[in-house]
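Please find below a colleague's note on a structure that you may be meeting for the first time. Keep the sequence and the view of the atoms open while you go through the points.

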Amino acid sequence: MKAVVWNGTRDVRTEQVPDPRIEQPDDVILRVDSSGLCGSDLHLYEVLGPFMHAGDVLGHEPLGTIAEVGPAVHALTPGERVVIPFQISCDRCTMCATGLQTQCENTRDDQQGTGAAIYGYSSLYGSVPGAQAEYLRVPRAEANAIPVPADGPDDRYVLLSDVLPTAWQAVAYADIPPDGSVAVLGLGPIGDMCCRVARHQGAAQVFGVDPVPERRERAAARGAQVFDPSDGTDDLIDTIREHTRGQGPDAVIDAVGLEAQGHGSARFAQRLTTFLPKGTAAKLMETAGVDRLSALQTAIDLVRRGGTISIIGVYGGTADPLPMLTLFDKQIQLRMGQANVRRWAPDILPLLNEHDVLGVEDFATHHVGLDEAADAYAMFQAKRDGAVKVLFRP
């Protein structure tokens, strides 16, 4: 089958790889109909390369049709249309029972010290073959696959694999008070959807911050007040405070993460990892502060005293410096983590109908074939051609 594989820093290719097969009785094989290119995939494209191996199949946002089921699978049938969450969980352990599927006790990698296995996401999360491919093996299928209606376009449902629950959790963790205010830093796919979810749930003021004009225009068209951080952090903070009685927003969502523009030493450390031997680079990532923290620093400065910061952008360093005095003095609450897809899916699914209140059906900016993967990754990383969300159609 065709699949998008990692071959080195900024080097992804579409190649022929072996078809997946049933390996455990509770597996299914999915024929992938649509699969997303995620902002998190860009971390593998460059910064997290030390944890990748040549030939790793990328991708973790699939919707498709069940092609084959293992002998222990009874609740799913060939021909059924399903969305697959990006993490693999068991639905039985204590963590899953409390809605923390990302911390699944039966799929997390205790040797690495990381949470639940993730499709196509490096040795940090199990080196599981990913979903930017024609077919995908789905382990623990009954515990993970989410059946969706057979009718309606793929774009109506495919975002349930990652974008929608990730944004939903970010807004839930932000704990915006009724008729309150929230600022979203970064208007890529997740930040854009955070703005939509926050407005849908009743936030009175939604501020979106991004340097890319096309991304600001998208968010503004859905009712967010948008700002260009290129004008300067101090000006940005002062302007948003003027809109919030001089206090700052009740909550800030950091939808940027480790590749934010910012501190030169962090940028140098990130670039250094691409030139070091793989083992040395991985150790640097595991023990040093290599994140660009400008977005998080802005969130800390911007949020009102007693407010909440919800971090949904991915961070990768383990010794990043934080302004603990400011966090403590302002009594800021921090919440963060990978999205627990199945925890939020029942809340989201009823919204995925012909009324399309979140605008999912025209959310993707590009639909491409697997053969266009190299160009799609380069375009998305460079934010060219208005690229916000790319969907592969295998």
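The numbered points below take up packing, cysteines, an aromatic pair and some single residues.

1. Before anything else, please bear in mind that this is a predicted model, and that the values quoted in this note are computed from that model.

2. I would start with helix 11, which runs over residues 294-302 and in which Ala295, Leu296, Thr298, Ala299, Ile300 and Leu302 are buried. The cover over these buried residues includes three strands and two helices from other parts of the chain, namely strand 9 (181-185), strand 12 (251-254) and strand 13 (308-311), together with helix 8 (233-242) and helix 12 (324-329).

3. Strand 13, which helps to cover helix 11, also holds Ser310, and this serine counts as buried because its relative accessibility is 1%. Leaving aside residues up to four places away in sequence, Ser310 touches Ala170, Tyr173, Ala174, Val252, Ile253, Asp254 and Arg335.

4. At what angle do helix 5 and helix 13 pack? Helix 5 (residues 163-174) and helix 13 (residues 341-348) meet at about 90°, and their axes are 9 Å apart, so helix 5 is roughly perpendicular to helix 13. On the side of helix 5 the contact is made by Leu164, Pro165, Trp168, Gln169, Ala172 and Tyr173, while helix 13 brings Val341, Trp344, Asp347 and Ile348. Sorted by type, the residues of this contact are eight nonpolar, one polar and one charged.

5. The loop between helix 5 and strand 9 is the place of Asp175, a residue other than glycine whose phi is nevertheless positive, near 55°. Asp175 counts as exposed, because its relative accessibility is 53%.

6. A positive phi is also found at Ser122, where the value is about 75° although the residue is not a glycine. Is Ser122 buried or exposed? With a relative accessible area of 2%, Ser122 is buried, and its place is in the loop between helix 2 (94-97) and strand 7 (135-138).

7. How many disulfides does the structure hold? The number is zero, and two cysteines, Cys93 and Cys195, may serve to show how this comes about. A disulfide is a covalent bond between the sulfur atoms of two cysteines, and the cut-off applied here is 2.5 Å between the sulfurs. For Cys93 the closest cysteine sulfur is that of Cys96, at 3.7 Å, which is too far for a bond. For Cys195 the closest cysteine sulfur belongs to Cys194, and the distance of 7.0 Å is again too far for a bond. Cys93 is buried, with a relative accessible area of 6%, and Cys195 is buried as well, with a relative accessible area of 4%.

8. Cys96, the partner in the Cys93 distance just quoted, lies in helix 2 and counts as buried because its relative accessibility is 5%. Not counting residues up to four places away in sequence, Cys96 touches Ser89, Cys90, Asp91, Gln101 and Cys104. Between Cys96 and Ala143, which are 47 residues apart along the chain, the C-alpha atoms are separated by 10.0 Å.

9. The count of aromatic pairs comes to three, and one of them is formed by Tyr45 and Tyr377. A pair of aromatic rings is described by the distance of the centres and the angle of the planes. Here the centres are 5.4 Å apart and the planes are at 35°, which makes the pair tilted. The pair links distant parts of the chain, since Tyr45 belongs to helix 1 (residues 39-45) and Tyr377 to helix 14 (residues 373-382), with the two positions 332 residues apart in sequence. Both tyrosines, Tyr45 and Tyr377, are buried.

10. Tyr45 deserves a further look, and its relative accessibility of 6% is why it counts as buried. Apart from residues up to four places away in sequence, Tyr45 touches Trp6, Gly8, Thr9, Arg10, Asp11 and Val12, and also Tyr377, Ala378 and Gln381. Arg31, by contrast, is 14 residues from Tyr45 in sequence, and the two are 25 Å apart in space, C-alpha to C-alpha.

How values were computed
Residues are numbered from 1 along each chain as its sequence is written. This is a predicted model: local features need pLDDT of at least 70, side-chain atom pairs count only at pLDDT 80 or more; totals for chains, interfaces and linings use all residues. Side-chain values use heavy atoms; hydrogens and water are left out. Buried means under 20% relative accessible area, exposed over 50%, partly exposed in between (1.4 Å probe, protein chains only). Helices (H or I, at least four residues) and strands (E, at least two) are DSSP runs, numbered from the N terminus. Contact means heavy atoms within 4.5 Å. Axes are lines fitted to C-alpha atoms, for helices over the stretch in contact, and angles run from 0 to 180 degrees between N-to-C directions. Angles under 35 degrees count as roughly parallel, over 145 as roughly antiparallel, 65 to 115 as roughly perpendicular and the rest as oblique. Ala, Val, Leu, Ile, Met, Phe, Trp, Tyr, Cys and Pro count as nonpolar, Asp, Glu, Lys and Arg as charged, and the others, Gly among them, as polar. Rings of Phe, Tyr and Trp (its six-membered ring) pair if their centres lie within 6.5 Å; planes under 30 degrees apart count as stacked, over 60 as edge-to-face and the rest as tilted.
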